[in-house]
Amino acid sequence: MTVIAHRCAVLGKPIAHSLSPVLHNAAYKALGLDDWAYERHEVGESDLDGFLKGLDPTWCGLSLTMPLKKTIQPYGTPSNMWAQRLKVANTAIFDWPAEPGITPGATPDGTSATGSLPAIRLYNTDVMGIVLAFDHELKALGEPDRWKSTSAAVIGNGNTAASAVAACTVMLKNGQTNKRITVAARHPGKNRQLPDIIGEGDAIAYEEKTIDASADTLRDADIVISTIPGHAADAVAEAIGNDDSFRPRGILLDVVYDPRPSALIRAWRAKGGLAIGGEEMLLWQAILQVILMTGADTADSSLTDVLEPAMRHALEEAL
């Protein structure tokens, strides 16, 4: 019987629906990491402190879903650009001291932890997960030049929208002029963080409008990302379906993967548009997490060639 020497898990509440264990355990198998295991634990905001203090040095990292992507912030150090800029992290990597307990970590109130809480590095892989989902689609189409985009639209203005807007700034870094990101939401202006995500040097205009007034924006955008959950976009899908003149120019990513495909994706494709399901974002952000958690060489591009087909196959079987 194999002894598990390295542990990782996904935390959140609720968490039973999470497909992260499917993806990460498939990755371990593909990499030959027989003594690695990945689990899921239902942990809410009030439970996080106790959970972290109960870990031991076999733990290597955590994936974080809502509501913990912000709750984790006081426990660690943002260690990539998007974790720093968005103050949202979906990945925590543990750096245990040589002698556990000698160098305790800090708790949110600034006091020392009584256990052997390690130093924690925080990362956001959601942003690049979105970028890589689009990149994979364009490569599959044989249209890499389609990155010469000038406009993006984000449906919704919640927490996921922050990662979507950030991903759009990455995809619009292409030397084009007159670039614009438009956020369409039920309550424009509610998330004051969104405009500030665009850096001063990005040369991208930003605007918000109501979803009801977004048909032209969605039709003409090169990149469209829907960040609203479940069936919340069904009304948008219905409006698209009822508009005889709607012919989308760009590619849609709907972060939802249950139902699959979503009503929005079905409506978009029925109008001749290209659409990507949320499982692609899920896959690519998980690939980045695996690389971080296992301490693999991030410059080794062959890792993706090993991980992507194995994790994709496991995900397809689970969906």
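**Notebook: two sheets and the helices around H12**

I began with helix H1 and helix H12, and noted that H1 passes H12 in a right-handed crossing. The model I am reading is a predicted one, and I keep that in mind for every entry below.

**Entry 1, H1 against H12.** I looked up the geometry of this pair and found that H1 (residues 20–31) and H12 pack at an angle of about 135°, with their axes 8 Å apart. Angles over 145 degrees would count as roughly antiparallel and those from 65 to 115 as roughly perpendicular, and H1 and H12 are therefore oblique to each other. I then listed the side of each helix that takes part: H1 brings Val 22, Leu 23, Ala 26, Ala 27, Ala 30 and Leu 31, and these meet Leu 303, Val 306, Leu 307, Ala 310, Met 311, Ala 314, Leu 315 and Ala 318 of H12. Sorting the residues of this contact by character, I got 14 nonpolar, no polar and no charged.

**Entry 2, H11 against H12.** Next I turned to helix H11 (residues 278–294), which packs with H12 (residues 302–318) at an angle of about 135°, the axes lying 10 Å apart. H11 and H12 are therefore oblique to each other, and H11 passes H12 in a right-handed crossing. From H11 the contact takes Glu 279, Glu 280, Leu 282, Leu 283, Trp 284, Ala 286, Ile 287, Val 290 and Ile 291, while H12 supplies Leu 303, Thr 304, Leu 307, Glu 308, Met 311, Arg 312 and Leu 315. I sorted the residues of this contact too, and they divide into 11 nonpolar, 1 polar and 4 charged.

**Entry 3, the sheet beside H1.** I went back to H1 to see what else it touches, and came to an open sheet of 6 strands in the order E2-E1-E3-E5-E6-E4, with mixed pairing. Its edge strands are E2 (36–42) and E4 (77–78), each of which pairs on one side only. H1 packs on this sheet, touching E1, E2 and E3 (59–64), and its direction makes about 170° with that of E2. I also checked how E1 (residues 6–12) is joined to E2, and found 7 bridges between the two strands, which run parallel; Arg 7 stands opposite Ala 37 in E2.

**Entry 4, the parallel sheet.** The other sheet I looked up is also open, with 6 strands in the order E9-E8-E7-E10-E11-E12 and parallel pairing. E9 (204–210) and E12 (274–276) stand at its edges with a single partner strand each, so one side of each is left without a neighbour in the sheet. On average, neighbouring strands here are turned by 15° against each other, direction ignored. Towards the E12 edge, I noted that E11 (residues 251–254) and E12 pair in the parallel sense over 3 bridges, with Leu 253 having Ile 276 of E12 as its bridge partner.

**Entry 5, E7 and E8.** Is strand E7 buried or exposed? I found that 5 of the 5 residues of E7 (residues 151–155) are buried, so this strand is largely enclosed by the rest of the structure. Both faces are covered, with Ser 151, Ala 153 and Ile 155 buried on one side and Ala 152 and Val 154 buried on the other. E7 pairs with E8 (residues 179–185) in the parallel sense over 5 bridges, and I recorded two of the partners: Ala 152 is matched with Ile 181, and Ile 155 with Ala 184. E8 is itself mostly covered, since 6 of its 7 residues are buried.

Definitions and conventions. Residues numbered from 1 in each chain as written. Predicted model: local features only at pLDDT ≥ 70, side-chain atom pairs only at ≥ 80, totals over all residues. Heavy atoms only, no water. Axes fitted to C-alpha atoms, helices over the stretch in contact; angles between N-to-C directions. Parallel < 35°, antiparallel > 145°, perpendicular 65-115°, else oblique. Left-handed = near helix turned anticlockwise from the far one by under 90°. Contact = heavy atoms within 4.5 Å. Nonpolar A, V, L, I, M, F, W, Y, C, P; charged D, E, K, R; others polar. Buried < 20%, exposed > 50% of the residue type's maximum accessible area, 1.4 Å probe, protein only. Pairing = 2+ DSSP bridges.
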